[in-house]
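Student: Hi! I have just opened a structure that is new to me, and I would like to learn my way around it. Could we go through it together?

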Amino acid sequence: MNTMLSSLSQGLKGQFRVPGDKSISHRAIMLGSLAEGVTQVSGFLEAEDALATLKAFQLMGVDIERLGEGRLRINGVGLHGLKAPQEDLYVGNSGTSMRLLSGILAGQKFDSTLTGDHSLTKRPMRRVLDPLSLMGAAVESTDAGTSPLKVHGGAPLRGIQYKMPMGSAQVKSCLLLAGLYAEGTTEVIEPAITRDHTERMLKGFGYSVKTEGNVVSIEGGGTLKGMSIDVPGDISSAAFFLVAASITPNSDITLQHVGVNATRTGIIDILLKMGADIQLLNEKVVGGEKVADIRVKSCQLKGIEVPENLVALAIDEFPVIFVAAAYAEGQTIVTGAEELRVKESDRIQTMADGLQTLGVDAQATADGMIINGGAVQGGEVESFDDHRIAMAFAVAGLQSRGAIKINNCENVATSFPNFVELATQCGFELAAK
Ligand code: S3P
């Protein structure tokens with residue numbers, strides 16, 4: 001799929017599931033591979049990013065059987081059973097694969113190299129390399145602090161206490177995974193609470209992790225025991241439909257079995273503050289993660305100042321939150337979101353540029369955006385090869401005054417391969433070429 005053309009919708013209806021959670025899918029492969037015994041996974045996200053992690057572990061000798069749509073059987077090799085890969089570990093567009101794997105690879109006896117695509121090669125890796133070297137790891141990047149990353153095996157790791165300079169679940173998870181191989185305690189202090197799937201899943205695998213407020217710690221030297229994992233729908237994929245149904249009159253949709261872990265529901269809190277009509281139904285806990293059906297109906301959104309404490313809890317949803325703000329009455333101000341500048345694209349700049357092309361009064365700031373809601377015009381925008389930018393503009397086209405053409409949409413497949421299919425089924429006017 002190269003381009004998407006999104007035009008006026010008369011209303012969105014239906015009940016359906018979005019694909020499995022990307023963060024949980026990555027971690028299921030990683031911990032299932034490092035566990036002793038079998039791990040069964042259902043609801044796994046069969047998309048490029050998570051499949052990149054799967055392939056990396058296969059290259060390190062792990063037998064992972066694909067049993068059918070979203071179903072895997074991982075024959076774990078134990079924490080010390082990975083084998084040296086015969087080639088570089090290429091993880092495509094996936095920052096999560098690269099950063100979490102660097103922590104695991106730092107604890108191995110063998111050398112390895114991590115590489116990625118054009119976008120990933122530009123993203124900052126010192127944020128993991130600096131603390132890993134404090135732990136004793138020998139990992140090299142380019143002079144610019146980017147990949148390829150060369151990991152020299154056999155360096156003994158020791159636990160550290162690390163105060164993270166940025167709110168990042170990837171950095172926290174990298175260090176906790178390296179901590180499995182370290183002598184003593186690895187303690188990570190977060191400046192803001194970020195997604196806690198690694199901690200939850202480690203506990204599910206029988207590994208003790210301590211969390212006290214914003215401090216997470218782990219002791220090295222234990223073992224993981226295989227288990228069953230039911231991956232819930234990805235709230236970051238559901239987010240496109242939450243905004244789509246909110247801004248499109250005559251809409252009423254229910255997204256079934258979505259993960260609503262409290263470290264991920266910033267999008268719901270932000271939309272509720274904007275006046276959205278969203279209800280959580282059938283809430284339950286599945287495999288240590290909270291899930292619910294999310295029902296959303298059309299409404300008139302209003303602009304807000306997004307509280308900074310919600311930013312890390314909605315970090316991947318800002319492209320579509322900016323679209324919600326463009327359709328809201330009044331002004332929306334986002335601050336404290338400078339991390340958006342180092343995602344798959346600079347999501348502050350790419351969204352501000354695209355929205356301005358569509359006639360929206362959107363001003364990028366160093367750490368966020370100021371958007372005055374109003375009429376959205378049609379036009380042609382770039383995705384900058386960023387899946388979430390592409391899908392956010394597909395949502396913007398539902399109520400714009402003319403159609404919106406979005407270029408370079410191939411990377412939608414990294415997180416949401418059936419986006420166009422689900423979107424058109426529920427009432428998007430969306431053509432893909
Ligand atoms: C992720 C953490 C977030 C998020 C990414 C997935 C994870 O990145 O943007 O899509 O699975 O841990 P940061 O930790 O860099 O904020």
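Tutor: Happily; we will talk through salt bridges, cysteines and annotated sites, keeping in mind that this is a predicted model.

Student: Let me begin with charged side chains. How many salt bridges are there?

Tutor: Side chains of opposite charge can pair when their charged atoms come close. Here a pair is counted when a side-chain nitrogen of Lys or Arg is within 4 Å of a carboxyl oxygen of Asp or Glu. By this rule, the number of salt bridges is 19.

Student: Which residue forms a salt bridge with Asp 49?

Tutor: In this pair, the closest N and O atoms are 3.4 Å apart. That falls under a rule that asks for a distance within 4 Å. The partner of Asp 49 is Lys 22.

Student: How many residues apart in sequence are the parts that this pair ties together?

Tutor: Asp 49 belongs to helix H2, residues 48-59, while Lys 22 belongs to helix H1, residues 22-34. The pair therefore ties together parts whose separation in sequence is 27 residues.

Student: Is Asp 49 buried or exposed?

Tutor: Buried means under 20% relative accessible area. Asp 49 has a relative accessibility of 2%. Its partner Lys 22, at 8%, is buried. So Asp 49 counts as buried.

Student: Now another pair. Which residue meets Arg 200 in a salt bridge?

Tutor: The N to O distance in this pair is 3.0 Å. Arg 200 is partly exposed, with a relative accessible area of 36%. The other side chain is buried at 16% relative accessibility, and it belongs to Asp 196.

Student: What is the distance between the closest N and O atoms of Asp 316 and Arg 347?

Tutor: Asp 316 sits in the loop between strand S17 (289-297) and helix H9 (318-327), and Arg 347 in helix H10 (residues 347-357). The pair links distant parts of the chain, 31 residues apart. The two residues form a salt bridge, with their closest N and O atoms separated by 3.9 Å.

Student: Which residues do salt bridges with shared partners join into one network?

Tutor: Asp 316 and Arg 347 form one salt bridge. Both of these residues belong to a network held together by shared partners. Its members are Arg 123, Arg 195, Asp 316, Glu 344, Arg 347, Asp 386 and Arg 388.

Student: Let me turn to the cysteines. How many disulfides are there?

Tutor: A disulfide needs a pair of cysteine sulfur atoms within 2.5 Å. For Cys 299, the nearest cysteine sulfur is that of Cys 426, 16 Å away, and Cys 299 is in no disulfide. Cys 409 is in no disulfide either, with the sulfur of Cys 426 the nearest at 17 Å. The number of disulfides by this rule is 0.

Student: Is Cys 409 buried or exposed?

Tutor: The value to compare with is 20%, since buried means under 20% relative accessible area. Cys 299, at 23%, counts as partly exposed. Cys 409 has a relative accessible area of 1%, so Cys 409 is buried.

Student: Now the database record. Which residue does UniProt list for "active site"?

Tutor: The listing comes from an unreviewed entry. The residue makes a side-chain polar contact with the side chain of Arg 195 at 3.3 Å. Leaving aside neighbours within four places in sequence, its contacts are Arg 195, Ser 236, Lys 343, Arg 347 and Arg 388. The listed residue is Asp 316.

Student: Which residues does UniProt list for "binding site"?

Tutor: This too comes from an unreviewed entry. The lining of the largest pocket includes each of the listed residues. One of them, Lys 22, touches residues including Leu 45, Asp 234 and Thr 414. The full listing is Lys 22, Gly 95, Arg 123, Gln 170, Arg 347 and Arg 388.

Student: One last thing. With which side chain does that of Arg 347 make a polar contact?

Tutor: Arg 347 is found in helix H10 and is buried, with a relative accessible area of 0%. Among the residues that Arg 347 touches are Pro 319, Phe 322 and Ile 389. The polar contact is at 3.1 Å, and the partner side chain is that of Glu 344.

Note on methods:
Residues numbered from 1 in each chain as written. Predicted model: local features only at pLDDT ≥ 70, side-chain atom pairs only at ≥ 80, totals over all residues. Heavy atoms only, no water. Helix = DSSP H or I, 4+ residues; strand = E, 2+ residues; numbered from the N terminus. Buried < 20%, exposed > 50% of the residue type's maximum accessible area, 1.4 Å probe, protein only. UniProt positions renumbered as here; feature names shortened; annotations may be inferred. Contact = heavy atoms within 4.5 Å. Polar contact = N/O pair within 3.5 Å; in protein donor to acceptor, adjacent residues only side chain to side chain. 1 Å grid on protein atoms, 1.4 Å probe; cavity = no way out; pocket = protein on both sides within 12 Å on 5 of 7 lines; lining within 4 Å.
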